[in-house]
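Here's a walk through one model, going from helix packing to sheets and then to a few backbone oddities. Have the structure open and follow along.

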Amino acid sequence: VYHAHREAYQKMFSRMAIQYVIVSAVSGAMGGSASEEFLAESEIGEDTFVRCLQSGYAANVEAVITAVPESRTVDGLPEAQVYDTGDTPTIATLVDWANGAALPQFAGRPVTGADTLKNVLLKVRAPGGEWELLAIGLPGDREVDDKRLGAALDPADYAMLDDADFARYPFLKKGYIGPKALLANGVRYLVDPRVVDGTAWITGADETGKHVVGLVAGRDFTPDGTIEAAEVRDGDPSPDGAGPLVSARGIEIGHIFQLGRKYTDTFSADVLGEDGKPVRLTMGSYGVGVSRLVAVIAEQHHDELGLRWPSSVSPFDVHVVIANKDPEARTGAGELAADLDRLGLEVLLDDRTASPGVKFKDAELLGVPWIVVVGRGWADGVVELRNRFTGESREIAAGTAVAEVASALAEPLP
């Protein structure tokens, strides 16, 4: 059923001539084993996603899985050393100190934020539980992405520690926090997946004005696990190993969840099967953003003159514009519109007394796929048929206009 709805969405959006990307997403509060979003790429979109152009992999930032480097051996690595680093509570000041200290561990190469281990403190509370400390370790050149953090901790609430919180835990030396004090005091410590065994770091020494250089994961500290909370950047390796990731923004127009039996197991929701025995229901959730679809169509199908509705979703099939004040032309235009209506077509008839120029501008702005202009040519038995998408126009005989318009509407348009 999940895949059937996926295919149905693909067909529906294709018929609407909407360009979209299917991205992996987190299930979040909905739960379940799979979730996919249909995003229409847009610079003003509310969602950020990344993709690999080489493989077609796509995911929103909450669902990106970090490509984990291989663990390294700890054999032969120098022992960690504590240094007096002075007033260096930020990554920038710490890097400046390290580059001025000519540390032998770096063999003359410049030290960057990626060589530092930043430890971020927050408090979390599971539903119905109490607040508890949580520390997250990540390379110092990365920031915590709030969306990824929220998705990783869902359904728990969380908040960053404030000064009052730090005052309650004297072992937390703000700006100089290291893994050892965290683990020694029972603080749950989760690290970025890049912090693998054998990697050496510059990090806090748990004393104001001091840092430890060469602290090795898997030898000097062992975290409680990993967490996907760091920002995702352009150029990061794709999880499938096919190439780098690039970012874009999109508007969510559809979402599907494979809920499985998350809820039916909870409520013991069974139905009778073909054999008369109870069968546990399997659930899915599917949604389409109808108003968003209209916005996306307008954004993807417009030009400098106005809208250009795809024929499959246009509010009208044909726009008849009377650009002739002659009574016979007006009568003929009305009859043409009535004949088209009898064919089951949706017809918009502009019989206002406004000038032809105003009517043409309005027709272009409204963007109905086909425009029939009843103008000066009516006296010669011809009307003009305009294609709103291509801008092409041709004269057709008034007597065969209904058939010509019907034939034109059968032509494939975006």
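Contact here means heavy atoms within 4.5 Å. With that in mind, and remembering that this is a predicted model, let's start with a pair of helices.

**Two helices side by side**

Leu336, Asp339 and Leu340 in H8 meet Ala401, Val402 and Val405 in H10. Sort the residues of this contact by type and you get 5 nonpolar, no polar and 1 charged. H8 covers residues 327-342 and H10 covers residues 401-409. Their axes sit 10 Å apart, and the packing angle is about 50°. Angles under 35 degrees would count as roughly parallel and those from 65 to 115 as roughly perpendicular, so H8 and H10 come out as oblique to each other. As for handedness, H8 passes H10 in a right-handed crossing.

**The sheet those helices lie across**

Which strands does H8 lie across? They are S19, S20 and S21 (370-374), and H8 runs at about 170° to S20. H10, for its part, lies across S19, S21, S22 (382-387) and S23, running at about 140° to S23.

These strands belong to an open sheet of 5 strands, in the order S20-S19-S21-S22-S23, with mixed pairing. At the edges are S20 (347-350) and S23 (393-397), each of which pairs on one side only. From one strand to the next, the twist averages 25°.

Zoom in on S19 (residues 318-322) and you'll find that it runs parallel to S20, joined to that strand by 4 bridges. One place to look is Val318, whose bridge partner in S20 is Val347. Just ahead in the tour is Pro310, found in the loop between S18 (306-307) and S19. Is Pro310 buried or exposed? Its relative accessible area is 0%, so Pro310 is buried. If you'd like a landmark for the long view, the C-alpha atoms of Pro310 and Ala25 are separated by 29 Å, with the two positions 285 residues apart along the chain.

**A three-stranded sheet**

There's also an open sheet of 3 strands, ordered S5-S11-S10, with antiparallel pairing. S5 (81-84) and S10 (200-204) are its edge strands, pairing on one side only. Neighbouring strands in this sheet are turned by 25° against each other on average, ignoring direction. S5 and S11 (residues 210-216) pair over 4 bridges in the antiparallel sense, and that is where Tyr83 stands opposite His211 in S11.

**S3 and its partners**

S3 (residues 47-51) has antiparallel pairing with S13 (residues 246-260) over 5 bridges. Within that pairing, Arg51 has Val246 of S13 as its bridge partner. S3 is also joined to S4 (residues 58-60), again antiparallel, by 3 bridges. There, Val50 stands opposite Ala59 in S4. The hairpin of S3 and S4 has 6 residues between the strands, and Gly56 in that hairpin takes a positive phi near 90°.

Here are the strand pairs met so far, lined up for checking against the model.

| Strand pair | Sense | Bridges | Example partners |
|---|---|---|---|
| S19 and S20 | parallel | 4 bridges | Val318 and Val347 |
| S5 and S11 | antiparallel | 4 bridges | Tyr83 and His211 |
| S3 and S13 | antiparallel | 5 bridges | Arg51 and Val246 |
| S3 and S4 | antiparallel | 3 bridges | Val50 and Ala59 |

**Backbone oddities in the loops**

Now for the loops. Ala17 has a positive phi of about 60° although it isn't a glycine. You'll find Ala17 in the loop between H1 (2-15) and S1 (21-24). With a relative accessible area of 19%, against a cut-off of under 20%, Ala17 counts as buried.

Ala102 is another non-glycine with a positive phi, near 50°. Ala102 lies in the loop between H2 (91-101) and S6 (117-125). What is the relative accessibility of Ala102? The value is 63%, so Ala102 counts as exposed.

Last stop: a cis peptide bond joins Asp154 and Pro155, with omega at about 10°. Pro155 is in the loop between H3 (146-153) and S8 (157-160).

Notes:
Residues are numbered from 1 along each chain as its sequence is written. This is a predicted model: local features need pLDDT of at least 70, side-chain atom pairs count only at pLDDT 80 or more; totals for chains, interfaces and linings use all residues. Side-chain values use heavy atoms; hydrogens and water are left out. Axes are lines fitted to C-alpha atoms, for helices over the stretch in contact, and angles run from 0 to 180 degrees between N-to-C directions. Angles under 35 degrees count as roughly parallel, over 145 as roughly antiparallel, 65 to 115 as roughly perpendicular and the rest as oblique. A crossing is left-handed if the near helix is turned anticlockwise from the far one by less than a right angle, and right-handed if clockwise. Ala, Val, Leu, Ile, Met, Phe, Trp, Tyr, Cys and Pro count as nonpolar, Asp, Glu, Lys and Arg as charged, and the others, Gly among them, as polar. Two strands pair if DSSP finds at least two bridges between them. Buried means under 20% relative accessible area, exposed over 50%, partly exposed in between (1.4 Å probe, protein chains only).
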